[in-house]
Amino acid sequence: MSGRPLRIGPRAAAALLLVTLIGVAAFGWPLLADRQSGLAHSQDAPWLFAGLLPLLVAVVVATIADQGMDAKAVAMLGVLAAVGAALRPLGAGTAGLEPMFFLMVLSGRVLGPGFGFVLGSVTMFASALLTGGVGPWMPFQMLAMGWFSLGAGLLPGAERLRGRAELLMLSAYGFAGSFAYGTIMNLQGWVLLQGMGQGISFQPGDPVPANLARFAAYCVATSLGWDLGRAVLTVVLTLTIGGTLLKALRRAVRKAAFEAPVSFGSR
C-alpha cells in the first residue's frame, strides 16, 4: 500500500476548474466594473454562497465517482475538518495567529490537491459555524482556504521529497500562502470599505493600475501585521511538529488504502 496523494479524475478536475473560475470572477470583477455598476459584495455574496455549496458537493461527488475518494477518505475529511475548525478558535485571529493554516498545508501535501481544496473549504465552513463567523465574507473565505490547501497539494516531490528539504519547502509555501490568503481576502473587503481616504479606497471605474496601487497601500496599512503573524506561526509549527504530523498522516493514508480495489470472494 502506498501513501500517495489521492488523484484527481477528469470530472473532479472539471468541477475544480469551474469553482476556481467562478471564484476568480467573484474576487476580481470589481476591478473591471464601471461607476454605474452599483457593485457590492454584500449583494452578490449570498448568490455566490448559494452557487458555491452545490459546486463543492459536485467536487466531492466527482472525486468519488472517479474512484479517488472512498468512504474512508470521506471519514478522514470529516476528522481533519473537525480538527481544523477546532484549531481556529484557539487563535481567534488574534494578531493573525491561526494554527489551522499549518494543518491545511500538511493535509493538502499528503492527501493531494483535490482533497485539499475540499478540506480547506469545508474546514472554513465548519469553523465559521463554530465561531459564529457567518457573513457575506464566508463564501470568499471558503474559496480562498480551498485554494490555499490545493496549492500545498500541487507542490513538487509528493512521492520522493522527504525530511528537512520537504519541511523547508512546506514552510516557504505556508509563509507565502498565508500572505496570499490575506491579500485575496483584502480584495473582497476592500470594495466594501469606502471613505478611508483617496490613497487607499477603492474607486469604481478608475483604471486597474490606479486601483491596484490603492489596494497595495490598503494591504500595507490594514493587514500586513496580521498576515505576518499568520505566516510566521505557520512556519514555526511546520518546522517544529510538521515532520511528526506528516508521518502520522501518511501512515493513516497507507492504513486506509484509499485507492485499493474492493473485491468480494465467493464462499
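**Notebook: aromatic pairs**

I began with Phe-27 in this predicted model and noted that this residue is buried, its relative accessible area being 3%, which falls under the 20% limit for that class.

I then searched the whole structure for aromatic pairs and obtained eight of them. For the pair made by Phe-27 and Trp-147, I read a distance of 5.8 Å between the ring centres and an angle of 50° between the planes, so I entered the pair as tilted. I looked up where the two partners sit and found that they join distant parts of the chain, with Phe-27 in helix α1 (residues 10-28) and Trp-147 in helix α6 (residues 138-153), 120 residues apart. I also checked Trp-147 for exposure, and at 18% relative accessibility I count this residue as buried, because the class takes in values under 20%.

Next I turned to Phe-101 and Tyr-181, whose ring centres lie 5.0 Å apart and whose planes stand at 80°, so I recorded this pair as edge-to-face. This pair, too, I traced to distant parts of the chain: Phe-101 belongs to helix α4 (residues 100-111) and Tyr-181 to helix α7 (residues 164-190), with their positions 80 residues apart. For accessibility I noted 0% for Phe-101, which counts as buried, and a relative accessible area of 7% for Tyr-181, which is buried as well.

Which residues form one aromatic cluster with Phe-101 and Tyr-181? I found that Phe-148 and Tyr-173 complete the cluster.

Note on methods. Residues numbered from 1 in each chain as written. Predicted model: local features only at pLDDT ≥ 70, side-chain atom pairs only at ≥ 80, totals over all residues. Heavy atoms only, no water. Phe/Tyr/Trp six-rings, centres within 6.5 Å; stacked < 30°, edge-to-face > 60°. Helix = DSSP H or I, 4+ residues; strand = E, 2+ residues; numbered from the N terminus. Buried < 20%, exposed > 50% of the residue type's maximum accessible area, 1.4 Å probe, protein only.
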